[in-house]
Each structure stands twice: as structure tokens, then as C-alpha cells.
Amino acid sequence: MTGTGRSATVVGAGIVGVATAIALQRAGFQVTLVDRQEPGRATSFGNAGILSGTTAMPLATPGILAQVPKMLLDPLGPLTIRWSYLPKIAPWLVQFVRNAQPARVEELSKAIVALSKPTMSAWMDLAKHAEATDLIERKGWVGVYEGENAAKKAQADIDVRVRRDIKAEMLTADEVRQLVPGLARTVTHGVFHPEAGHTVSPIQLTERLAAHFRRAGGILLQATVEDIGFTDGRPTHLVTDKGPQPFDKIVIAAGAWSKKLVARLGHTVPLDTERGYHVMISDPGIDLRLPVSSSEGKFFATPMAGGIRIAGTVELAGLDAAPNWKRADALLEKGRRLLPGMKTEKVETWMGFRPTLPDSLPVIGPSPRHDNVFFAFGHHHLGLTQSAMTGRLIAQVMTGTPPEIDLTPYRVDRF
Ligand SMILES: Cc1cc2nc3c(=O)[nH]c(=O)nc-3n(C[C@H](O)[C@H](O)[C@H](O)COP(=O)(O)OP(=O)(O)OC[C@H]3O[C@@H](n4cnc5c(N)ncnc54)[C@H](O)[C@@H]3O)c2cc1C
């Protein structure tokens with residue numbers, strides 16, 4: 001529906017697009033949600049499920065430059081760059097390293113926290129509205145630390161949070177084991193993050209929200225968006241494999257694939273992808289009560305409806321290269337080492353594309369070029385976490401309500 005009352009089209013039915021579509025619907029818009037796949041089948045399918053309003057730091061921190069050679073040499077490491085992709089990712093890497101300067105890290109940390117801190121309240125509001133509260137647990141998560149510098153690293157992780165008024169509690173080895181029985185003996189310290197939650201099924205969560213959106217009158221259109229069409233210089237329709245789709249207002253929420261559409265709308269963004277893997281273990285034979293994150297291995301082990309999911313790590317290799325399944329094998333091995341009692345006979349592997357900008361912030365807000373264009377993409381490691389807030393912010397902007405946080409750090413023209 002266009003031309004009559006308030007209507008909007010959202011491109012991308014990942015968790016960000018679906019949460020945004022519902023927020024717009026709640027604000028009185030007739031919404032069409034367009035995706036080439038069923039909702040939630042891309043990156044939002046396989047994440048670790050953490051609603052981590054407790055994350056306070058960007059990925060690039062001082063000292064990152066010294067780690068680049070290691071990233072190139074170890075294809076199975078927690079953060080790796082494929083040699084063949086190096087020429088393409090080089091400009092992104094330059095910006096990434098620039099963002100690691102202490103003063104800049106401080107600014108970025110504030111912007112991450114502003115967006116992430118209301119996570120649980122935003123998510124509970126959305127889940128209640130969409131009848132999905134049964135898919136969300138509010139038990140917090142525990143970070144575990146091994147090795148020589150375990151105590152120092154745990155304390156540093158607490159300090160960055162306490163400075164931003166986020167709760168984080170130091171745990172001794174015994175206390176960690178009370179929370180997570182069966183942890184490897186190498187774990188000597190833990191940090192408990194009580195203000196976080198997790199979903200027991202990222203895909204069911206997106207599907208449940210999408211079903212609610214539909215029941216409330218939203219239109220789900222399965223189509224590939226090939227281009228944006230203009231009339232007299234104004235964006236007016238999507239060019240899709242199902243024909244032209246006119247729109248009044250448009251939100252681009254196409255995750256790691258947003259760059260081309262954003263370029264057509266007049267903005268150049270250094271969007272790339274941090275690929276991540278998961279291993280889903282059914283019948284693990286152990287009772288993991290809450291998510292555990294390995295500081296060494298850079299992965300989460302999350303209890304989910306279908307078993308335990310080990311998910312994480314970063315591979316810079318673009319959108320087209322085939323997965324390196326050895327990385328999933330390595331994840332499984334690390335998971336096994338952390339939880340030695342876990343049975344791993346039944347496993348499924350997956351790879352997904354985190355949409356990532358070099359400052360670890362998403363783009364949220366209006367286009368300075370076209371008054372009917374809005375953006376919601378680039379949520380890197382925190383797309384599930386930040387999706388409920390993103391939807392709310394976009395709805396505020398599109399209804400002319402002052403947004404509840406300052407959107408300057410997330411502007412599309414900040415690069
Ligand atoms: C291993 C791993 C673990 C993670 N763990 C967590 C976690 O614990 N917590 C957390 O908050 N985040 C986590 N993330 C990050 C999170 O999953 C992402 O940030 C989030 O899923 C991004 O959502 P999205 O809706 O922007 O993108 P997507 O889910 O990728 O959705 C984009 C959609 O756009 C559609 N699309 C794209 N182009 C077009 C087109 N031209 N036409 C039509 N449709 C199009 C795609 O089909 C897709 O459905 C993790 C990611 C990975 C990889």
C-alpha cells in the first residue's frame with residue numbers, strides 16, 4: 001500500500017529487519033517486509049543467542065595492529081584474515097586500526113553502551129508484544145578465564161563495565177564451577193554478567209516475531225531486491241525479481257548485503273563482513289545452565305532448545321568465499337576442551353556473515369539525502385542484542401519523535 005496514510009517497506013527480514021518492521025507497525029505504519037528468503041534464515045539463524053547489553057568495547061582496541069600478522073598466519077585462530085581477501089579488506093583494516101586509538105575507543109565504547117544498555121527492557125517489551133517471552137531466558141552469562149593472565153584479564157573486563165555502570169562480578173574458580181559444573185580444571189577465574197539474557201532459539205525467535213507481524217496485518221514479500229528505482233530523483237520503488245515494488249518510505253536492513261543498496265541511495269559505507277561459525281551439539285549429555293564465554297577461545301557455549309551451541313570467532317574473507325569448515329572443527333575441539341564431559345556425536349555446523357563497519361557501530365537513522373530513506377544495518381557481533389532498540393529508534397525517527405538516544409554516532413555519513 002502506498003500513497004494512502006503511513007506505509008513503509010523494510011528490506012531484509014533478519015532479526016534487525018523484523019524487529020524494525022514490528023516497531024513501525026506498532027507506530028501505526030502499514031509495513032511490507034521484503035526478503036529473498038524466509039525470515040531469519042541468514043546471519044540471524046545461527047548466532048550465539050546472547051542478549052548482551054553488557055558489551056562495552058569495540059572489536060578494535062589498542063594493540064590490535066600488533067595482532068594483524070598473527071591473524072594472517074593462523075587460519076584457525078579466533079580472529080583470522082584470508083590471504084586472498086587481504087587486498088579487498090585492506091581499506092577496511094586501515095579504518096579498523098585507526099579506530100583502535102584510546103580516545104576513539106572511549107567514544108565508541110560510550111556509543112555501544114548507549115545502544116546496548118536498554119537491551120533487556122527493549123527485548124522484553126518486544127517479546128511480550130509478540131508473545132515470545134518463552135524463548136528468552138534472563139539468567140545472565142559467565143565469562144571464563146584460563147592461563148597466566150586470567151586474573152588480570154577478568155579484572156580488566158570488569159573495569160570497563162563498572163566505568164559504564166554495568167554490573168559484572170568477579171568469581172573464583174570454585175564459584176564459576178558452582179554456576180557451571182563440569183568446566184575444565186584450567187579455568188581459574190570467571191566474571192558473571194547478571195544483566196544479560198539469551199534466547200533458546202534465534203531462528204524461532206525471528207520466526208515468532210515474523211508470524212506476529214503477519215497476524216497484525218504486515219505483508220511479507222519473498223523477493224530479491226536487485227536495485228532501487230527513482231522518479232524525478234526521488235527513490236520510489238524497489239526493482240525486484242518479482243517486478244517493481246513501490247514504496248513511500250524505505251528502511252534498508254539487509255545485513256551484510258546492504259552496501260550496494262545503500263550506494264544506490266547515495267552513500268558510500270565501508271561495510272564488510274566478519275564471518276562466524278557455529279557447531280550445534282544435540283544430546284550433549286551435560287546440563288549447561290547458562291551461557292559461558294571463553295575469553296581465550298572467543299566463543300560462547302549457549303544452552304539452546306536443540307542442545308548446546310558453540311558459536312563465535314571471526315574470519316575476514318568476504319561474502320563469496322566458501323566456508324572453511326576446519327574452523328568449525330576447531331570450535332568444536334575448543335568447546336570439548338572447556339566442557340570435557342560433553343558428548344559430541346551429533347553435531348551440525350553453520351557459517352554466517354556478521355555485517356560489520358570498522359568502528360563496531362551500526363548505521364541507524366535517516367538518510368541525509370532522501371527524506372523517505374532510513375538505515376538499520378551493520379550490527380556486527382550485537383545484531384540480536386541491539387535489534388529491539390534499533391527498531392524502536394527507527395520508529396521514533398520515522399514518526400518525528402525525538403529518539404531516546406543521540407543517533408549522531410550511528411549516522412550513515414560518518415565515514
Ligand atoms: C557466529 C555468530 C555468533 C553471533 N552471536 C551473537 C550473539 O550472541 N548476540 C548478538 O547480539 N549477535 C550475535 N551475532 C551477530 C548477529 O547474528 C548479527 O548481527 C545479526 O544476525 C544481523 O542481523 P541482520 O538482520 O542485520 O542480518 P541478517 O540476519 O543477515 O538478515 C539480512 C537479511 O537481508 C536479506 N537480504 C539481503 N540482501 C537482500 C536483497 N538484495 N533482497 C532481498 N533480501 C535481501 C537476507 O536474505 C537476510 O535475511 C553473531 C553472529 C555470528 C555469525
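Two strands are taken as paired if DSSP finds at least two bridges between them. In this predicted model, that criterion gives an open sheet of three strands in the order 11-12-13, with antiparallel pairing. A ligand is also present, and 44 residues surround it.

**Sheet layout**
- Strand 11 (225-231) and strand 13 (243-246) stand at the edges; each has a single partner strand, so one side of each is left without a neighbour in the sheet.
- From one strand to the next, the twist averages 35°.

**Strand pairing**
- Strand 11 and strand 12 (residues 234-240) run antiparallel and are joined by six bridges.
- Within this pair, T231 stands opposite R234 of strand 12.
- Four bridges connect strand 12 with strand 13, again in the antiparallel sense.
- T240 has G243, in strand 13, as its bridge partner.
- Strand 12 and strand 13 form a hairpin, with two residues between them.

**Ligand surroundings**
- Of the 44 residues that surround the ligand, the closest are G12, G14, G255, G276 and G383.
- Two helices appear among the elements that give two or more residues to the shell, namely helix 1 (15-26) and helix 11 (383-398).
- The strands that give two or more residues to the shell are strand 2 (30-35), strand 15 (272-282), strand 18 (307-316) and strand 19 (346-356).
- By class, the shell around the ligand holds 20 nonpolar residues, 20 polar residues and four charged residues.

Technical notes:
Residues are numbered from 1 along each chain as its sequence is written. This is a predicted model: local features need pLDDT of at least 70, side-chain atom pairs count only at pLDDT 80 or more; totals for chains, interfaces and linings use all residues. Axes are lines fitted to C-alpha atoms, for helices over the stretch in contact, and angles run from 0 to 180 degrees between N-to-C directions. A residue is near a molecule or strand if its C-beta atom, placed from the backbone, lies within 6 Å of it. Ala, Val, Leu, Ile, Met, Phe, Trp, Tyr, Cys and Pro count as nonpolar, Asp, Glu, Lys and Arg as charged, and the others, Gly among them, as polar.
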